[in-house]
Amino acid sequence: MERGNHTVTEFILVGFTTDPVMQLVLFMVFLGVYSLTVVANATLIVLICNDSRLHTPMYFFIGNLSFLDVWYSSVYTPKILMTCISEDKSISFAGCVCQFFFSAGLAYSECYLLAALAYDRYAAISNPLLYAQTMSSRLCICLVVYSYTGGFVNAIILTSNTFTLDFCGDNVIDDFFCDVPPLVKLACDVKESYQAVLYFLLASNVITPTALILASYVFIIAAILRIRSTQGRRKAFSTCSSHLVSVTLYYGSILYIYSRPSSSYSLERDKMVSTFYTVLFPMLNPMIYSLRNKDVKEALKKLIWLTQSDV
């Protein structure tokens, strides 16, 4: 692909450090995080599939989030591990495009799934007697399909616009994966049209779901305030607390990275924030949704007991 009278065939990922000792330490840290991410999310998926008490719309969405988080983390972490222990820091142009596309598609899909989960919590609290009827299996499946479709359609738009930028022959990416900020830094000239595309995608994939989540919680709070007993209010709010924590952490980091003009990108600072939502957040998500959840704990105890019985 020719850009700026140069042919860009690969990129070099700088990563976090060039110190061999620190690279080894980071390899062990990221390997541990990735292993825990896969095990925790896979365990949650197994529990949701096997325990009939978890066959509800809320856990259907949580199970899909866990599936997405395993896939999301796998887009980044294996390459990070390779760059930590290998002298070859390169990633092919096609590999960079693929990583960029899947990371954007999965990130956008998670935004939509979190919005769908907010609507689910609204339906459960505002009218619990009609919850099963409102959140039918058909609606839940449609919301998940729409989330992935919307996420990857918008990823196509972002990817096609990003990789038609002029890179001027410079192929060193000061980051650990192919992302908007470091690629924009390599571009010779970022036109206003590209910045407009970024703002459009931010509005459609982050701002709009955020507005839907906020609207859902306005109605949720109103419904909770109508509950007369303190215990009932506390129980209703506890069903939303995990989702609120997840939304705050994920949307906060996404908005910080992508809501600013490209001229204000700070790669070192952005690299730390990116590490959180690409590597750490997929590990934290299953813990957020399970540590304070009685049903999940009971399902885990049952699974452990059945496993020990078979042994």
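**Close-up views of a predicted model**

**View 1. The link between Cys-96 and Cys-178 is left-handed, with -130 degrees about the S-S bond.** Cys-96 lies in helix H3 and Cys-178 in the loop between strand E5 (172-173) and helix H6 (180-186), so the pair ties together parts that are 82 residues apart in sequence. Helices (H or I, at least four residues) and strands (E, at least two) are DSSP runs, numbered from the N terminus. In case the word is new to you, a disulfide is a covalent bond between the sulfur atoms of two cysteines. Here, a pair of cysteine sulfur atoms within 2.5 Å is called a disulfide, and the sulfur atoms of Cys-96 and Cys-178 sit 2.0 Å apart. By this rule the count comes to one disulfide.

A quick note before moving on: this is a predicted model, where local features need pLDDT of at least 70 and side-chain atom pairs count only at pLDDT 80 or more, while totals for chains, interfaces and linings use all residues. Residues are numbered from 1 along each chain as its sequence is written, and side-chain values use heavy atoms, with hydrogens and water left out.

**View 2. Are the cysteines of the disulfide buried or exposed, and what about Cys-98 and Cys-111?** Cys-96 is buried, at 0% relative accessible area, and Cys-178 is buried as well, also at 0%. For these labels, buried means under 20% relative accessible area, exposed means over 50%, and partly exposed is in between (1.4 Å probe, protein chains only). Cys-98 is in no disulfide, and its nearest cysteine sulfur, that of Cys-96, is 9.5 Å away. With a relative accessible area of 42%, Cys-98 comes out as partly exposed. Cys-111 is buried, at 2%. Its closest cysteine sulfur, in Cys-240, is 19 Å off, which is too far for a bond.

**View 3. Helix H3 is largely enclosed by the rest of the structure, because 24 of its 34 residues are buried.** You can check the length of H3 yourself: at 1.5 Å a residue it should span 50 Å, and its end C-alpha atoms are indeed 50 Å apart. The expected span is 1.5 Å times one less than the number of residues in the helix. Leu-106 belongs to H3 and counts as buried, at 0% relative accessibility. Beyond residues up to four places away in sequence, Leu-106 touches Leu-68, Trp-71, Tyr-72, Val-75 and Phe-152, where contact means heavy atoms within 4.5 Å. Now look across to Glu-298: it is 192 residues from Leu-106 along the chain, and their C-alpha atoms are separated by 30 Å.

**View 4. The largest pocket holds about 790 Å³ of space.** Of its 30 lining residues, the closest to the centre are Met-58, Arg-121, Lys-235, Ser-238 and Thr-239. To find pockets and cavities, a 1 Å grid is laid over the protein atoms alone; a cavity is a set of points where a 1.4 Å probe fits but cannot get out, a pocket is an open set with protein on both sides within 12 Å along at least five of seven lines, and lining residues have an atom within 4 Å of a point. Grid points are joined across faces, edges and corners, and a volume is the space filled by probe spheres set on the points. Which helices each supply at least two residues of the lining? They are H2 (57-85), H3 (93-126), H8 (230-258), H9 (267-290) and H10 (294-310). H8 gives the most, with eight residues. By class, the lining has 14 nonpolar, ten polar and six charged residues. Ala, Val, Leu, Ile, Met, Phe, Trp, Tyr, Cys and Pro count as nonpolar, Asp, Glu, Lys and Arg as charged, and the others, Gly among them, as polar.

**View 5. The second largest cavity has a volume of about 70 Å³.** The structure holds two cavities of 30 Å³ or more. Residues lining the second largest one include Val-14, Phe-16, Gln-23, Ile-80, Lys-89 and Phe-176. Helix H1 (20-50) and H2 are the elements that give two or more residues to this lining, and H2 gives the most, with three. By class, the lining has six nonpolar, four polar and one charged residues.

**View 6. Thr-275 lies in helix H9, and so does Ile-288.** At 11% relative accessibility, Thr-275 counts as buried. Its contacts, leaving out residues up to four places away in sequence, are Phe-16, Phe-30, Phe-176 and Leu-280. Ile-288 is buried too, at 17%. Leaving aside neighbours within four places in sequence, Ile-288 is in contact with Ser-242, Val-245, Ser-246 and Leu-249.
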